[in-house]
Amino acid sequence: MTSQITEGSKLHSGSDKAGAGAGAGVGLFTPETGSSIKVTKANALPKRGEEQLGRSNHWEVRTEEQAYAYLPKTDSEIENRYGKRIDLVELTDNPVGRSMFINDNPAVGTNPDRNKQHGFFFTADNCIGCHACESACAEKNDTPAHLAFRSVGYVEGGSYPDYKRMNISMACNHCDDPVCLKGCPTRAYTKHAEYGAVLQDPETCFGCGYCTWVCPYNAPQLDPVKGTVSKCNMCVDRLEVGLKPACVSACVGNALDFGVIEDTPESREQCKTSIPGFPSPEITRPNIRFQQTKSMPEEMTRTDSMPVKYRKGKDGQYKPVIDQKVGKQQHWNLAKLNSRENPLVLFTLFAQAALGTFMVPFLAALAGVEIFELFMASDMMLVLVVTSLFMTSFGLFMSVTHLGKPFRFYRGFNNLRYSPMSREGLGLALFSAGLGLMAVCLLATNTWFSELLVSGFDIELSGLTLALPLVNLTLGAGVFAAIAGAAGLYYMNQCYQIKARPFWNHWQTVTSFVGNSMSLGAMVSGVMILSTLAVLSLPLLPALQLLGGVWLVGVALEAIGLIGHNRDLNASENEGGAAHYIQCTTFGKTYKLRNLMLTLNIFAGLTLLALGELGLLNTQGLASEPVGVNVWAFVAWSVIALINCISAVIGRALFYNLVIPTTMPGAFFWKNKGFEQHARDIGLADNPACGVAPLAH
Amino acid sequence: MLFGRKKRKPIVIPSKKVAQWKYTTCNYCSTGCSIEIGLNEQNKIVTTRGHAGADVNRGKLCIKGILEHELFESPGRGTEPLIRDKHFEDFEPTSWDHALDTTATKIKEIQAKYGRDSFAIVSSGQLLTEEFYTLGKLARGVIGTNNYDGNTTLCMASAVSGYKRSFGADGPPGCYDDFEHTHCLMAFGSNLPEQHPIIYWRLKEALEKRHFPLIVVDPRVTMLAQFADIHLPITPGTDCVLINAMLHVIINEGLQDQAYIDAHTQGFEAVKALVQDYDPKQAQHICGIDEDTIRNVARIYAKAPAAMSIWTMGINQSTHGSDGVANINNLNMITGNIGKPGGTSLSITGQCNAMGTREWSSCSGLPGYRYLENEADRNEIADFWGIDPEFFPKKRGLAETDIFPAIETGEIKGLWIVATNPMTSMPNTARIRKALEKLDFLVIQDVYRDVETNQYSHVYLPASVWAEKEGTHTNTERRVNLICNVLPPFKNSKPDFWIFNQLAKRFDNGQMIHFPETPEGAFEEMKHLSKGKLSHGGPRHLDISGMTYQKIEAARGIQWPFREQDEGLKGTARLYSDGLFPTASGKANLLPISFYNNNEQPCDEYPFWLNSGRVVEHFHTRTRTGKIGNCNKFSPTAYMEMNPDAAKELGVEHQSYVRLTSRRGDAVVMVQLTHRVPRNMVFIPFHYHDCVNRLTLGLLDPYSRQPAFKQCSTRIEPIDQDEAARINVERRAF
């Protein structure tokens with residue numbers, strides 16, 4: 001072992017968090033052996049004219065193909081640094097020589113290493129940012145200008161002339177723990193034993209874009225024109241004949257390479273899992289390795305609009321920190337809240353409101369609160385259930401309109417095993433089903449409906465339903481709906497607990513979702529319950545106080561969440577902190593307004609509740625007023641409820657608009673969100689060759 | 001089973017279904033990469049790939065080459081000839097006959113009225129060599145104007161001039177293989193990763209096999225500068241001072257190769273005397289490179305067993321362009337680095353066929369590096385073409401950059417522009433616009449109807465592009481390579497070769513001179529003219545007589561000289577290996593290069609250097625790459641690199657717009673803040689119409705007449721952002 005290699009391995013184990021972290025595992029991989037696996041030159045090149053000899057027909061090998069394009073022969077490791085087997089076929093019960101059926105081709109690839117996990121190797125020291133890899137990928141995969149399976153961005157630092165730019169070429173890392181595969185509700189993703197390739201089928205995909213949320217590397221590409229996601233396919237057709245992927249073969253900086261994972265390519269001396277700008281490998285255990293030996297400035301900035309830069313820590317690793325790109329001034333930018341995420345704003349708010357609308361009175365009745373028991377027994381319960389059902393359906397409909405392929409919505413439940421989105425969908429669907437069932441049962445006992453049937457169709461319903469245990473059925477359906485709804489809400493929250501999106505990955509999401517369910521639910525159900533009670537000349541104050549209490553808890557919960565969120569993200573230097581920085585600047589005034597509304601509401605609600613408890617809201621002694629509650633109290637509660645609606649919409653719109661993913665640095669134009677928005681705003685994007693797709697779906 | 005999936009989803013990967021591959025050479029830059037175009041069963045072009053067996057690119061292509069097959073059907077292509085009376089009227093489509101008849105009649109009219117030279121022709125480095133030869137024949141032998149030049153005056157003229165002054169003839173003496181042998185490489189104003197990515201790759205391969213010092217002279221921290229062992233961030237326009245100071249160190253420390261100097265050069269004493277004035281102590285204050293570094297670099301270079309220099313526009317596009325080239329040649333001759341493996345003066349050429357036009361277009365004289373000034377050359381060509389030698393002028397006429405001022409003064413009344421776009425590419429756009437407006441008659445022959453210069457034409461001739469034609473290119477290392485005809489011309493466009501032939505028929509001399517029907521026929525004429533000795537008896541280096549299309553394709557390009565009697569398929573890798581130069585004495589000229597500062601310098605009023613250059617995804621004025629989305633998306637609109645410290649002082653923000661002003665005009669660009677450029681410099685890619693060249697001065701080199709695009713001064717003004725955005729969109733038709 002040469003001294004150089006020793007140094008490489010030191011870097012590998014010492015400065016590499018991931019590698020060090022894995023040391024605790026059981027894996028056979030050690031840093032030393034990792035570096036000792038050095039890929040040697042590919043075997044003698046085939047004779048001219050015999051390039052295809054002994055190779056399968058998946059790809060035509062060029063006449064006189066060069067050594068750089070062939071995958072080298074290698075003695076690979078048994079396990080990778082995370083302790084995962086590299087030969088993946090041993091993890092499956094598949095036969096070794098099965099076909100991948102690429103484009104329905106039954107031939108079996110002739111690559112001897114085809115069942116081993118492969119990955120890219122990026123020598124960051126060498127990338128010149130020439131776009132050859134990107135264009136080779138675009139050419140091979142026929143991708144339109146506005147999307148790319150591989151993109152090159154850069155970070156830069158230093159001061160002229162001591163200036164350094166580091167270009168980063170990134171595609172899919174075909175991770176050990178493919179969060180895209182797990183997140184996808186349609187099961188469009190497959191991790192193949194062959195090459196460990198994580199491949200996605202656009203024909204299965206319904207374009208929800210959830211995989212683009214969870215992937216930390218921006219690998220899956222949602223095409224707003226086609227409405228589906230597609231991504232890097234590892235060029236498995238080339239791999240089958242023993243050629244490296246098209247991007248690697250095209251690289252003119254000798255930066256991009258490819259091979260069995262943990263193999264260090266010839267003439268490389270380092271094999272580490274992170275470079276500045278690359279998200280923590282702990283999220284997905286990506287199958288990419290790096291060499292980056294040249295010293296970089298302590299601070300590396302991004303040229304794109306993301307308010308994130310990277311600073312070298314004491315351990316030599318670069319960590320994201322906030323880059324105050326938009327200064328400190330606070331703005332409204334209310335128009336920017338109106339975005340393509342609108343359907344999701346409506347979906348989550350309506351679904352949460354629907355849950356609360358049903359759950360608050362139902363649970364109160366179950367708990368034996370008399371006034372709610374009375375309400376549940378009333379004809380208006382049907383209206384409430386149907387209202388909740390409609391709100392859920394509207395929410396779900398909104399979520400479907402957010403899909404690139406709305407008519408494939410039914411595929412949303414295909415990945416219950418892994419995807420929180422599937423489970424969320426199922427929970428809400430079952431909630432709707434429970435509500436539907438409950439509505440049917442309530443219909444049978446509903447006096448208005450019975451009268452309608454008798455007068456209109458001369459049907460006596462009670463005769464048909466008398467034998468059925470309707471009360472128990474109603475209750476059972478309600479309990480079922482409540483459980484399903486709670487599960488739906490739980491997984492709705494789980495959908496946003498994403499490591500790649502630290503702004504969401506916080507308990508504030510829980511408090512917001514639950515809080516909104518309570519406050520909006522109390523409001524919607526309150527309107528119905530109080531009006532029913534008023535008509536029935538029943539005392540209103542107990543109901544008002546309870547609903548007000550629920551509302552207040554909901555709002556307070558949200559406020560507590562926001563305080564925690566603000567505290568944690570202010571202390572955070574990662575993309576979550578950066579998103580919060582945008583929240584406090586670009587949307588600073590809007591954010592403040594929402595918080596102000598929330599605070600005022602809490603005090604107003606508290607005051608009203610206290611006045612109620614003190615009996616000050618009663619219209620004492622005035623028997624002529626059956627309502628029994630001061631009219632001004634209703635007015636006050638109505639104003640508070642309205643303000644709450646506004647603050648909930650603003651809050652949710654901020655939630656979706658602000659999130660900054662742990663994504664790869666972009667370039668000045670390409671993969672720069674700021675430029676994309678500008679190009680759309682001014683009309684440059686009307687030219688398709690601009691590479692910025694209009695945001696329609 | 002991974003992640004519980006028993007059933008795999010189907011794998012669908014686009015398949016191009018190539019039925020046959022056709023050989024061609026890239027039509028963008030001068031690297032000369034071999035490309036195979038893939039056609040499917042229906043003979044439709046579906047893909048391109050680098051030819052793995054070609055020595056130049058060894059299977060690699062840059063972004064432009066990878067996507068080149070997408071250009072055939074891109075928007076804006078000319079579909080039929082167009083005609084109009086006045087430039088402010090609308091075009092009418094017309095027939096080829098009418099368009100060519102009108103053109104011929106107008107040329108004759110103008111020449112009859114104002115003299116033969118009042119009609120000028122400006123061509124390009126983009127055509128095929130056979131087309132250049134034919135155009136030269138048409139211009140020199142048929143139309144007979146002496147005001148005939150190519151846009152190579154904007155890119156390579158200084159290299160040509162410098163080579164001629166030093167070695168007695170044009171022609172880069174080195175090759176890419178020199179990277180494999182050199183022990184020190186010095187790059188002057190050459191940003192290979194951006195401009196010639198495949199040459200960069202050849203260099204990188206050599207460096208990875210065996211590291212040698214890489215020294216980069218560039219005022220910007222380009223990727224090459226960043227990767228260099230030593231980066232010299234020079235003050236713009238002062239390369240001659242740096243080289244003189246290096247020569248001062250080399251000569252005064254006795255590091256020169258005196259044996260080589262004595263045997264193969266003349267003029268050493270004059271150079272030695274001159275460089276005494278360039279002590280690094282004084283030179284450092286002019287060129288901005290400190291004394292120690294100058295000495296260090298000079299010693300490394302002189303002591304290397306073999307050292308080479310490459311350069312591109314950083315040298316050529318300057319008021320000292322020709323001098324800079326001659327001085328680089330001085331450096332290499334004094335260190336004995338000419339014509340040996342790894343020791344050379346290699347200009348990295350710009351356009352795909354800049355070399356072809358230099359060799360055969362007759363722009364600067366007569367075909368095959370012949371001179372109008374030389375009677376024997378005039379007689380030889382006149383005899384071969386079958387015309388009276390007196391038809392030729394006895395001295396070269398105006399260069400491209402002098403043709404436009406001659407339109408201003410009224411000397412030139414008619415102009416034919418072939419495959420170039422001066423409205424975007426020439427310095428001082430306002431002046432060009434005014435000149436074009438003044439013309440009585442302007443013909444534009446171009447692949448694209450929307451080429452900006454077409455705004456002022458009276459006749460537009462739609463030309464075919466690249467593999468719609470057949471012929472050859474010569475690359476940076478003198479390699480002649482073949483473009484096969486892969487597909488028929490687009491709509492009613494025609495190959496330039498056909499257009500020249502048809503126009504020739506409409507003139508008296510055109511009836512007398514033979515114009516071969518095929519490019520290969522023209523190639524045979526060129527081969528014939530490349531044989532034999534120079535007029536002073538030396539060997540003719542530009543000898544292609546051993547080549548045929550078949551041999552060129554089999555070899556994937558052959559480097560000249562490749563003579564009739566040469567066997568095999570290998571041409572000559574290096575010139576002057578025998579130490580014999582095509583000068584009268586056979587010795588190369590060491591030329592004392594004194595520096596004078598005539599650049600427009602930053603001042604109080606215009607405090608920034610204005611620098612311009614290329615980006616990898618675009619070529620020239622974007623008529624091609626601007627329409628290929630996967631190229632264009634990386635820089636779809638104009639931008640300017642600016643130092644963040646300077647920006648802070650002026651309150652300029654990243655990704656906002658500014659208005660730049662100079663003594664010529666103004667431009668609106670988006671700002672990219674980066675420490676890649678110094679505090680007193682801004683850099684703007686030149687590809688965009690109505691952008692940087694509205695500002696540039698383009699002072700001319702006294703020898704090459706090449707404009708100094710890269711050295712002038714500018715000022716930054718604020719602009720209303722909405723207004724700027726509107727202007728930006730309006731100026732980007734593509």
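In β9(B), Leu214(B) is the bridge partner of Leu185(B). This pair belongs to a predicted model, and it marks the contact of two parallel strands. Strand β8 (residues 184–188) of chain B and β9(B) run parallel and are joined by 4 bridges. On the other flank, β9(B) is joined to strand β10 (residues 230–232) of chain B by 3 bridges, again in parallel. Here Val217(B) has Leu232(B) in β10(B) as its bridge partner.

Strand β9 (residues 214–217) of chain B is covered on both faces. Leu214(B) and Val216(B) lie on one side, Ile215(B) and Val217(B) on the other, and all four residues are buried. In a regular strand, side chains alternate between the two faces of the sheet. Val217(B) also takes part in a longer-range cluster. Leu242(B) is in contact with Val217(B), once neighbours within four places in sequence are left aside. The other such contacts of Leu242(B) are Ile234(B), Ala283(B), Cys287(B), Ile289(B) and Ile294(B).

Leu242(B) is also prominent in the largest nonpolar core, which holds 405 residues. Along with Met246(B) and Val669(B), it is among the residues that touch the most other members. Chain A contributes Ala132(A), Ile168(A), Cys247(A) and Val385(A) to that group. Helix α9 (residues 342–366) of chain A supplies the largest share of this core, 15 residues. A second core is separate and has 5 residues. Its members include Leu366(B), Leu372(B), Ile381(B) and Trp385(B).

Chain B as a whole was then considered. It contains 26 helices and 26 strands. Its C-alpha trace spans about 70 × 70 × 70 Å along the principal axes. The radius of gyration is 25 Å, which agrees with the value near 27 Å for a compact globule of 734 residues. Of these 734 residues, 64% count as buried. Contacts between residues at least 6 apart in sequence were also counted in chain B. Of these contacts, 73% join residues at least 24 apart.

Chain B also holds an open sheet of 7 strands with mixed pairing. The strand order is β5-β4-β16-β15-β14-β6-β7. The edges are β5 (92–93) and β7 (148–150) of chain B. Each has a single partner strand, so one side of each is left without a neighbour in the sheet. Further in, strand β14 (residues 414–418) of chain B and strand β15 (residues 441–446) of chain B run parallel, joined by 5 bridges. Trp416(B) stands opposite Val443(B) in β15(B).

One annotated segment of chain B was examined. UniProt, in an unreviewed entry, lists residues 19–76 of chain B as "domain: 4Fe-4S Mo/W bis-MGD-type". Over this range the chain is 7% helix and 31% strand. The end C-alpha atoms are 29 Å apart.

The two chains meet over an interface. In it, 67 residues of chain A are in contact with 61 residues of chain B. Six elements of chain A give two or more residues to its side: α4 (132–141), β2 (151–159), β3 (162–170), β4 (189–191), α7 (236–240) and α21 (673–682). The largest share, 6 residues, comes from α4(A). By type, the chain A side divides into 33 nonpolar, 21 polar and 13 charged residues.

Strand β2(A) was followed further. Of its 9 residues, 7 are buried, so β2(A) is largely enclosed by the rest of the structure. A hairpin with 2 connecting residues links β2(A) to β3(A). The two strands run antiparallel and are joined by 9 bridges. β2(A) also pairs with strand β10 (residues 299–302) of chain A, in the antiparallel sense, over 2 bridges. Glu156(A) takes part on both sides. It stands opposite Arg165(A) in β3(A) and opposite Thr301(A) in β10(A).

Chain A also carries membrane annotation. An unreviewed UniProt entry places the feature "transmembrane region" at several ranges of chain A, including residues 513–537 and 596–617. Residues 513–537 of chain A are 92% helix and 0% strand, with end C-alpha atoms 34 Å apart. For residues 596–617 of chain A, the values are 82% helix and 0% strand, with the end C-alpha atoms 26 Å apart.

Technical notes:
Residues are numbered from 1 along each chain as its sequence is written. Chains are lettered from A and ligands numbered from 1 in the order in which they are written. This is a predicted model: local features need pLDDT of at least 70, side-chain atom pairs count only at pLDDT 80 or more; totals for chains, interfaces and linings use all residues. The radius of gyration is taken over C-alpha atoms; the globule rule is 2.2 Å times the number of residues to the power 0.38. A residue is buried if 20 or more other C-beta atoms lie within 10 Å of its own, exposed if 12 or fewer, and partly exposed in between; C-beta atoms are placed from the backbone. Two residues are in contact if their C-beta atoms, placed from the backbone, lie within 7 Å. Ala, Val, Leu, Ile, Met, Phe, Trp, Tyr, Cys and Pro count as nonpolar, Asp, Glu, Lys and Arg as charged, and the others, Gly among them, as polar. UniProt positions are given in the numbering used here, feature names are shortened, and annotations may be inferred rather than shown by experiment. A nonpolar core is a set of buried Ala, Val, Leu, Ile, Met, Phe, Trp, Tyr and Cys residues joined through C-beta atoms within 7 Å. Two strands pair if DSSP finds at least two bridges between them.
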